[in-house]
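Please open the structure in your viewer and keep the selection panel at hand. The stops below go from one selection to the next, with a short account of what is found at each.

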Amino acid sequence: MPKALSESPFVNPHNCARIKSVEEKILEIQKNYLEKIQKAQNLKELDEVFLTLFGKNGEITLLPKAFPKLSEDERRKVGPLFNQIKQELERAVEARRNEVREEGYKNLVNENLDLTNVKLRNRGGHLHLTTQFKKEIIDLFSKLGFYQFDAPHVEWDKYNFEYLNIPKDHPSRDMWDTLYVDTTNLEVEPGQMLLRTHTSNFWPRLMEKGQTPIRAMSFDRCFRYEAVDARHSHTFNQFEVAVVGENITMANLKFLSDYLLQAILGKEAKSRFRPKYYPFVEPGVGIDCLCVFCHGKGCKICSGTGWFEIAGAGMIHPNTFKFTWLDPKKYSGLAWGFGPDRMLMIKHGIEDIRHFLEGDLKFLEKY
Ligand code: DAH
């Protein structure tokens, strides 16, 4: 058997004697998936097919891992074929997505909206669950003297990354899958403008002004280039606080974490700190919250660990002071970024993050 083939990762588990070449595998994916895409009846099914192809462990995503093992001749043949079929599948998903949408619109025409229905007539509007939660948390921290400071969603690279001790081309940028704004028609260098990946962009903006003390908060939207599924969304919320002044310590961080958790989940809630790396804090911590369902014993909901990860935090890194008028020998600071969507999912047993953005009346009416 030729060497390249014997090393091929595509072994058929049912019949090890038959080993597929990469080319065969690509053609097989093309055939199977074009069919699956056509069969998808709604956007959800289509998203699932998309993920099994292009998600982190998707068939198309993983396929190029086999390329280094091929001979040069094979690579020359397989490379263009792979690109062609990848594009074909992307186009097929897009086309089917449009078809499914169109079918949905046609169905709307046949749907009858009975305006004499008493239940419908009496239904008033109310604040979205996320907005209710935002108000609750903003009130809670206003009591501690925090003021709200929201930074732009479309942000400069420097506030989202560079001033946060994440230089250009630094590998730590990989921690954030970033959506960049196409600035071709603007007088802006490519790569300078992006959709902010976290709310952490607000505090370099405040620190830059050089006024202390800072005791600020932001509950706002962030954006990432994510493959969407039940736990990941391209658009999500963060609640972030930053405190800069004299004698700010980790003890303040611990107090704020327990203050928040107990207000939301009840007196029994408590936090735990784990060492964790974030470029803009030193030391950095991951904050876990004791599982409210099993009180730390370990259950299905906390995957047996007894804890949920809910925030990243730490003491603001001295390097981030370089971009400000503030002297890190005199001042210190803490920053803390928390995931409200996840917290709401835990609190209300919401199993899919997509509900927050979809506007489905059944979901909206429930909360
Ligand atoms: N910005 C981080 C993220 O989105 C979360 C975070 C970590 C915020 C540590 C912080 C912090 O303020 O100190 O992944």
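In this predicted model, begin by selecting helix α2 (residues 22-39) together with helix α3 (residues 43-54), which pack at an angle of about 165° with their axes 9 Å apart. An angle over 145 degrees counts as roughly antiparallel, and α2 and α3 are therefore roughly antiparallel to each other. If you turn the view to look across the pair, the crossing of α2 and α3 is left-handed. Now show the side chains at the contact, which is made on the α2 side by Ile29, Tyr33, Lys36, Ile37 and Lys39, and on the α3 side by Glu45, Leu46, Val49, Thr52 and Leu53. Sorted by class, this contact of α2 with α3 has six nonpolar residues, one polar residue and three charged residues.

Before going further, colour the chain by pLDDT. The average over the chain is 89, and 95% of the residues score at least 70. Among the elements of the chain, the lowest mean pLDDT, 40, belongs to helix α1 (residues 3-6), while the highest, 98, belongs to strand β2 (residues 154-156). Select residues 1-19 as well, where the pLDDT is below 50 and where the model has 20 contacts beyond near neighbours in sequence.

Next, select helix α7 (residues 129-142), and add helix α10 (residues 250-265): the axes of α7 and α10 come within 11 Å and cross at roughly 135°. The helices α7 and α10 are therefore oblique to each other, and α7 passes α10 in a right-handed crossing. Where they meet, α7 contributes Phe133, Glu136, Ile137, Leu140 and Phe141, and α10 contributes Leu256, Tyr259, Leu260, Ala263 and Ile264. By class, the contact of α7 with α10 has nine nonpolar residues, no polar ones and one charged residue.

Keep α7 selected and exchange its partner for helix α12 (residues 340-348), which packs with α7 at an angle of about 105°, the axes being 11 Å apart. The helices α7 and α12 are therefore roughly perpendicular to each other. Here the contact is made by Leu129, Thr130 and Phe133 of α7 and by Pro340, Met343, Leu344 and His348 of α12, and these residues divide into five nonpolar, two polar and no charged. Phe133 is worth labelling, since this residue of α7 is listed in the contact with α12 and also among the residues that meet α10.

Turn now to the aromatic rings, of which the structure holds 21 pairs. One to select is Phe219 with Phe239, a tilted pair with 6.2 Å centre to centre and 45° between the planes. Phe219 lies in strand β4 (residues 214-223) and Phe239 in strand β5 (residues 235-245), so the pair ties together parts that are 20 residues apart in sequence.

The last stops concern the backbone. Select Thr212 and Pro213, which are joined by a cis peptide bond with omega of about -5°; Pro213 is found in the loop between α9 (202-209) and β4. Then move to Glu282 and Pro283, where the peptide bond is again cis, with omega near -5°, and where Pro283 has its place in strand β7 (residues 281-290). Finish at Asp169, in the loop between α8 (157-160) and β3 (193-195), whose phi is near 65°, a positive value in a residue other than glycine.

Key
Residues numbered from 1 in each chain as written. Predicted model: local features only at pLDDT ≥ 70, side-chain atom pairs only at ≥ 80, totals over all residues. Heavy atoms only, no water. Axes fitted to C-alpha atoms, helices over the stretch in contact; angles between N-to-C directions. Helix = DSSP H or I, 4+ residues; strand = E, 2+ residues; numbered from the N terminus. Parallel < 35°, antiparallel > 145°, perpendicular 65-115°, else oblique. Left-handed = near helix turned anticlockwise from the far one by under 90°. Contact = heavy atoms within 4.5 Å. Nonpolar A, V, L, I, M, F, W, Y, C, P; charged D, E, K, R; others polar. pLDDT = per-residue confidence, 0-100. Phe/Tyr/Trp six-rings, centres within 6.5 Å; stacked < 30°, edge-to-face > 60°.
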